[in-house]
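User: I should like to go through this structure by question and answer. Please begin with the terms and then turn to the details.

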Amino acid sequence: MLRKRPRLEGFPYTGLHRYSLTICTKDRREVFTDETFVAPVLLTIRQSAAVNSFAILGYCFMSDHVHMVSSATREHADLR
């Protein structure tokens with residue numbers, strides 16, 4: 001069952017904002033118990049953040065998800 005939190009209606013998700021994000025694994029599989037899975041995911045997150053003008057301020061990997069705080073670094077940053 002895919003559960004998505006609704007986006008805030010009327011909020012543009014662009015500009016200089018900070019976000020608290022949670023990203024879950026498919027089917028909530030517990031794959032982040034092994035560093036060999038965490039490292040490439042973290043690299044992808046960091047690369048995507050840089051390309052999209054975001055800084056990763058903090059993160060915490062749990063067994064089946066990651067919590068992250070990110071901040072836009074430019075006014076054109078778009079979280080979507």
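Analyst: Helices (H or I, at least four residues) and strands (E, at least two) are DSSP runs, numbered from the N terminus. This is a predicted model, in which local features need pLDDT of at least 70 and side-chain atom pairs count only at pLDDT 80 or more, while totals for chains, interfaces and linings use all residues. Residues are numbered from 1 along each chain as its sequence is written, and side-chain values use heavy atoms, with hydrogens and water left out.

User: Which pattern does the protein follow along the sequence?

Analyst: The protein contains 1 helix and 3 strands. Strand E1 covers 18-24, helix H1 covers 35-51, strand E2 covers 54-61 and strand E3 covers residues 65-72. Read along the sequence, the pattern is β-α-β-β.

User: What percentage of the residues of the protein count as buried?

Analyst: Buried means under 20% relative accessible area, exposed over 50%, and partly exposed in between (1.4 Å probe, protein chains only). The C-alpha atoms fill a box of roughly 35 × 25 × 15 Å along the principal axes. Of the 80 residues, the share that counts as buried is 26%.

User: Which element supplies the largest share of the largest nonpolar core?

Analyst: A nonpolar core is a set of buried Ala, Val, Leu, Ile, Met, Phe, Trp, Tyr and Cys residues joined through side-chain atoms within 4.5 Å. The largest one has 8 residues: Val 31, Phe 32, Val 38, Leu 42, Ile 45, Phe 61, Val 66 and Met 68. H1 and E3 each supply at least two residues of this core. The largest share, 3 residues, comes from H1.

User: How many residues does the second, separate core have?

Analyst: In soluble globular proteins, nonpolar side chains tend to be buried together. Here a second core stands separate, including Tyr 13, Phe 54, Ala 72 and Ala 77. Its residues number 6.

User: Within what arc do the buried residues of H1 fall?

Analyst: The buried residues of H1 are Val 38, Leu 42, Ile 45 and Ala 49. An α-helix has 3.6 residues a turn, so residues three or four places apart point the same way. Taking the directions from the helix axis to the C-beta atoms, the buried residues of H1 line one face of the helix, because they fall within an arc of 60°.

User: Which residues are exposed on the other side of H1?

Analyst: The buried residues of H1 have a cover that includes E2 and E3. On the other side, Ala 50 has a relative accessible area of 57% and is therefore exposed. The exposed residues there are Thr 36, Ala 50 and Val 51.

User: Is Ser 70 buried or exposed?

Analyst: Ser 70 is found in E3. Contact means heavy atoms within 4.5 Å; leaving aside neighbours within four places in sequence, the contacts of Ser 70 include His 17, Tyr 19, Phe 54 and Leu 57. Because its relative accessible area is 2%, Ser 70 is buried.

User: How is the pair of rings of Tyr 13 and Tyr 19 classed?

Analyst: Rings of Phe, Tyr and Trp (its six-membered ring) pair if their centres lie within 6.5 Å; planes under 30 degrees apart count as stacked, over 60 as edge-to-face and the rest as tilted. A search of the whole structure finds 5 aromatic pairs. With ring centres 6.0 Å apart and planes at 15°, the pair of Tyr 13 and Tyr 19 is therefore stacked.

User: How is the pair of rings of Tyr 59 and Phe 61 classed?

Analyst: Tyr 59 is partly exposed, with a relative accessible area of 39%, whereas Phe 61 counts as buried at 18%. Their ring centres are 5.8 Å apart and their planes stand at 75°, so the pair is edge-to-face.

User: What is the phi of Ser 53?

Analyst: Most residues other than glycine have a negative phi, and most peptide bonds are trans. Ser 53 lies in the loop between H1 and E2 and is buried, with a relative accessible area of 7%. Arg 28, in the loop between E1 and H1, has a positive phi near 55°. For Ser 53, phi is also positive, near 65°.
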